[in-house]
Amino acid sequence: MRTRPTLSWTPTGDLPPAGTDPEPVAEALAAGGVLVLSGAGLSTESGIPDYRSEGGSLERHTPMTYQDFVADPRARRRYWARSHLGLRTFSRARPNAGHRAVAAFERGGLLSGVITQNVDGLHQAAGSADVVELHGGLDRVVCLSCGVSSPRAALAVRLSRANEGFAPVVAGLNPDGDADLAEARVGDFRVVPCDVCGGVLKPDVVFFGEAVPPARVARCRALVRSATSLLVLGSSLTVMSGLRFVRLAAGLGKPVLIVNRDPTRGDTHAVTRVALPLGATLTEVATRLRLPVGEAGTA
């Protein structure tokens, strides 16, 4: 029997209250050695919706699972049709104030690294250099047969040539770059194979129900162990792929701080949660630390 991955989490009534003063975050950063763990909430101000907040994409969209993608050619066609359309909007997203503040923290020597659950590449676009993409990146595709990795841009050209005139209007975008598109609009969209071996191509991202590569998990665990504290930005921590690092940090006695407007599954492990918008809050923290934050479109 196939099990579905955990997509939602219901807060209990015994979570610690959240604060509205970012000073604990500023103090942790001033001490240095902070490891950032970021989630979809950090990218919402760039126009990319998150999954679980009010109005988030889970209210209208069930993300593709690894099991369905691998087993069902129709599911792959549906995914690539939607993702091909969504990429046009997704690729236009630019780093917001939150991303730029994180880059400023790194330039100021206050971070030990960044782990992101996002697949949008916006940390790097903002100027962050030391980023581990926990769930991979949408800018790459990988062949499930031969393992060859190639740029997503090259695949986009091939898909456009194979589906000339395919341009239905989409209803929205999801955090994984998958556009909202009715099944009837998928039509006869053509999926192209690997141009090396003819195998099945998959975006180089970790789908729901798929395991994060062990070497990547080990690298993240090492980052947690070497960090002074863990700062979670814009993640509900619903899925274990991110929550495990919060639990590890707390178990090692390292302070966990969370900036997220809604309760998270990691709140019981945190010394503080700041319930404020990320962009403005992180910019204020950078100002308190006398760190310049670049303007929109700059690193």
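## Close-up views of a predicted model

**View 1. E133 and R140 form a salt bridge.** In this predicted model, the closest N and O atoms of E133 and R140 are 3.3 Å apart. Which of the two partners is buried, and which is partly exposed? E133 is the buried one, with a relative accessible area of 14%. R140 reaches 24% relative accessibility and so counts as partly exposed. If you wonder how such pairs arise, side chains of opposite charge can pair when their charged atoms come close.

**View 2. D72 and R74 meet through their side chains in a salt bridge.** Here the distance from N to O is 3.4 Å. Look at how the two residues sit with respect to the surface. R74 has 61% relative accessibility, so R74 counts as exposed. D72, at 23%, counts as partly exposed.

**View 3. R288 and D21 are joined by a salt bridge between their side chains.** The N to O distance in this pair is 3.7 Å. What does the pair tie together? R288 belongs to helix α10, while D21 lies in the segment before α1 (23-31), so the salt bridge links parts that are 267 residues apart in sequence. R288 is partly exposed, with a relative accessible area of 36%. D21 is also partly exposed, and its relative accessible area is 43%.

**View 4. A network of salt bridges links D21, E23, E284 and R288.** You have just met two of its members, D21 and R288, as a salt-bridged pair. In this view, E23 and E284 join them in the network. For the wider picture, the count of salt bridges comes to ten.

**View 5. Helices α4 and α10 pack against each other.** Helix α4 covers residues 97-107, and helix α10 covers residues 278-288. Their axes are 8 Å apart and meet at an angle of about 30°. Are the two helices roughly parallel or roughly perpendicular? An angle under 35 degrees counts as roughly parallel, and α4 and α10 are therefore roughly parallel to each other. The crossing of α4 past α10 is left-handed.

**View 6. Residues from both helices make the contact between α4 and α10.** From α4 come A97, G98, A101, V102 and F105. From α10 come G279, L282, T283, V285 and A286. What kinds of residues are these? Sorted by class, the contact has seven nonpolar and three polar residues, with no charged ones.

**View 7. G98 of helix α4 is a buried glycine.** Its relative accessible area is 0%. Which residues does G98 touch, leaving aside those up to four places away in sequence? They are L42, G279 and L282. Take a moment to find L282: its C-alpha atom is separated from that of G98 by 5.8 Å, although the two residues are 184 residues apart along the chain.

**View 8. Stepping back, the protein chain has ten helices and eleven strands.** The chain holds 299 residues, and buried residues make up 52% of them. Among contacts with a separation of 6 or more, 75% are between residues 24 or more positions apart. The pair of G98 and L282, 184 residues apart along the chain, is one you can look up again in the close-up of G98.

Notes: Residues are numbered from 1 along each chain as its sequence is written. This is a predicted model: local features need pLDDT of at least 70, side-chain atom pairs count only at pLDDT 80 or more; totals for chains, interfaces and linings use all residues. Side-chain values use heavy atoms; hydrogens and water are left out. Axes are lines fitted to C-alpha atoms, for helices over the stretch in contact, and angles run from 0 to 180 degrees between N-to-C directions. Helices (H or I, at least four residues) and strands (E, at least two) are DSSP runs, numbered from the N terminus. Angles under 35 degrees count as roughly parallel, over 145 as roughly antiparallel, 65 to 115 as roughly perpendicular and the rest as oblique. A crossing is left-handed if the near helix is turned anticlockwise from the far one by less than a right angle, and right-handed if clockwise. Contact means heavy atoms within 4.5 Å. Ala, Val, Leu, Ile, Met, Phe, Trp, Tyr, Cys and Pro count as nonpolar, Asp, Glu, Lys and Arg as charged, and the others, Gly among them, as polar. A salt bridge is a side-chain nitrogen of Lys or Arg within 4 Å of a carboxyl oxygen of Asp or Glu. Buried means under 20% relative accessible area, exposed over 50%, partly exposed in between (1.4 Å probe, protein chains only).
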